[in-house]
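Let's take a walk through this structure together, one stop at a time. Have the sequence and the 3D view ready as you read.

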Amino acid sequence: MTPTRVLVLNSGSSSLKYQLLDMRDSSRLAVGLVERIGEQTSLLRHTLLATGETREQSGPIADHETALKSVAEELARDGLGLDSPELAAIGHRVVHGGMFFTEPTVIDDSVLTEIERLIPVAPLHNPANLTGIRTAMALRPDLPQVAVFDTAFHTSMPESSARYAIDPRIADRYRIRRYGFHGTSHAYVSRETARLLGKAPEEVNVIVLHLGNGASASAVERGRCVDTSMGLTPLEGLVMGTRSGDLDPAVIFHLARVGDMSMDEIDTLLNKRSGLFGLCGDNDMREIRRRVDEGDEAAALAFDIYIHRVKKYIGAYYAVLGSVDAVAFTAGVGENAAPVRSAAVAGLTGLGLAVDDELNAVRSGEARLISPADARVAVAVVPTDEELEIATQTYALVGP
């Protein structure tokens, strides 16, 4: 029997998301989430897709090792355990791969060492990713484990896009450059957009707008990323749920000198108390739109600032690409917030961009076009599927 299943793990600092897929037809067998790892109120939610049955466990889960063992037990109850001969590999989401990792990679000691070396540029994410990997390797040391990097899709950017205008000796010494993130999403969505247009990825130019609590844009030229909005860290670029996005770097010096704020305080301000939350006290777009509709001025201003930044990136990436076949909206806000989509392209008819109000208002989990039939540039809504992308890349590397 040829093993065809891939377990996808996404380890956060206090969470563990997982999906088990069968790569014969890319179907999901089970999905789940462990939340609040390390607390007394931990919760494991596991769903068997064949029946739709969901089981929950509440109570303390001390660490990621305990969490993954609990996940393995839940899978085993459904006959899908980690010891199954049908399990081909475990695919791990790793946020930062630097310039060293440009494609999915089978994990060994040297890979672990390099991911660890990148912790200074991904202090919130890479340690948690490493914990998940090491735990999984301890449970199944005989099984191929594959790292799929958020940054890999963006390593195709030319130096003119990736380099900051600072002394290259300092930049190289401290690995300072634009890496970009959400790469598995941008790769999947740009490819699915091409499919939606009935073309190969190499035949189209796409602007991808990944709009969730974290948000990023990319310019994808014939299947390759040539620019992206996030940089050395996920702080740069679009206005996000709690992150500021683009900011004059001198604001940091000003806050330190005049505001007498420490670096940690400024870090917290820009990453956790800025963006939509900092502007109006909410980072949920649904709540913000409700407040806008009720005449709330702070929410309206936050929404306008958010949209203004998205429009700037659409225009900038249009210029970078020269010609655009499609603009694709994805992730939680991009897939579900019709007012965001319509506002983002409003006034851009000169660039060939428009949405059909009736098509835009439709709620669907399917990839679809929302632009008028005669639009010069397609506007699409493409639900992202990072887990499927990770599983596909993992199986392509280790499968038969």
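**A guided walk**

Our starting point is Arg-36, which sits in the loop between strand E3 (27–35) and strand E4 (43–48). Bear in mind as we go that this is a predicted model. What stands out about the backbone at Arg-36? Its phi is positive, about 55°, although Arg-36 is not a glycine. As for the side chain's surroundings, Arg-36 has a relative accessible area of 33%. That puts Arg-36 between the 20% limit for buried and the 50% limit for exposed, so it counts as partly exposed.

Now hop over to Asp-260, in the loop between helix H7 (250–257) and helix H8. Asp-260 also isn't a glycine, yet it has a positive phi of about 55°. Is Asp-260 buried or exposed? With a relative accessible area of 65%, Asp-260 is exposed.

Asp-260 has some company, too. Together with Asp-264, Glu-265 and Asp-267, it forms a negative surface patch. Take Asp-264 from that group: you'll find it in helix H8, which covers residues 263–272. Asp-264 has 61% relative accessibility, so it counts as exposed.

Next, the aromatic rings. How many aromatic pairs turn up in a search of the whole structure? There are 3 of them. One of these is Phe-100 with Phe-101, an edge-to-face pair whose centres are 4.9 Å apart, with 80° between the planes. The two partners have quite separate surroundings: Phe-100 counts as exposed because its relative accessibility is 56%, whereas Phe-101, at 3%, counts as buried. Ring pairs also bring in Phe-149, linking it with Phe-100 and Phe-101 into a cluster.

For another pair, look at Tyr-313 and Tyr-317. Why is this pair called edge-to-face? The ring centres of Tyr-313 and Tyr-317 are 5.6 Å apart and their planes meet at 75°. An angle over 60 degrees counts as edge-to-face, so the label fits.

Where are these two tyrosines along the chain? Both Tyr-313 and Tyr-317 belong to helix H11 (residues 297–321). They are 4 residues apart in that helix, so about one helical turn separates them. Are they buried or exposed? Tyr-313 is buried, with a relative accessible area of 12%, and Tyr-317 counts as buried as well, at 3% relative accessibility. The cut-off for buried is under 20%, which is why both tyrosines get that label.

Key. Residues are numbered from 1 along each chain as its sequence is written. This is a predicted model: local features need pLDDT of at least 70, side-chain atom pairs count only at pLDDT 80 or more; totals for chains, interfaces and linings use all residues. Side-chain values use heavy atoms; hydrogens and water are left out. Patches are made of residues with over 30% relative accessible area and no salt bridge: like charges are joined within 9 Å, nonpolar side chains (Val, Leu, Ile, Met, Phe, Trp, Tyr) within 5 Å. Accessible areas come from the Shrake-Rupley method with a 1.4 Å probe; for residues, only the protein chains shown count as cover. A salt bridge is a side-chain nitrogen of Lys or Arg within 4 Å of a carboxyl oxygen of Asp or Glu. Lys and Arg count as positive and Asp and Glu as negative; His and the chain ends are not counted. The place of a charge is taken as NZ of Lys, CZ of Arg, CG of Asp or CD of Glu. Helices (H or I, at least four residues) and strands (E, at least two) are DSSP runs, numbered from the N terminus. Buried means under 20% relative accessible area, exposed over 50%, partly exposed in between (1.4 Å probe, protein chains only). Rings of Phe, Tyr and Trp (its six-membered ring) pair if their centres lie within 6.5 Å; planes under 30 degrees apart count as stacked, over 60 as edge-to-face and the rest as tilted.
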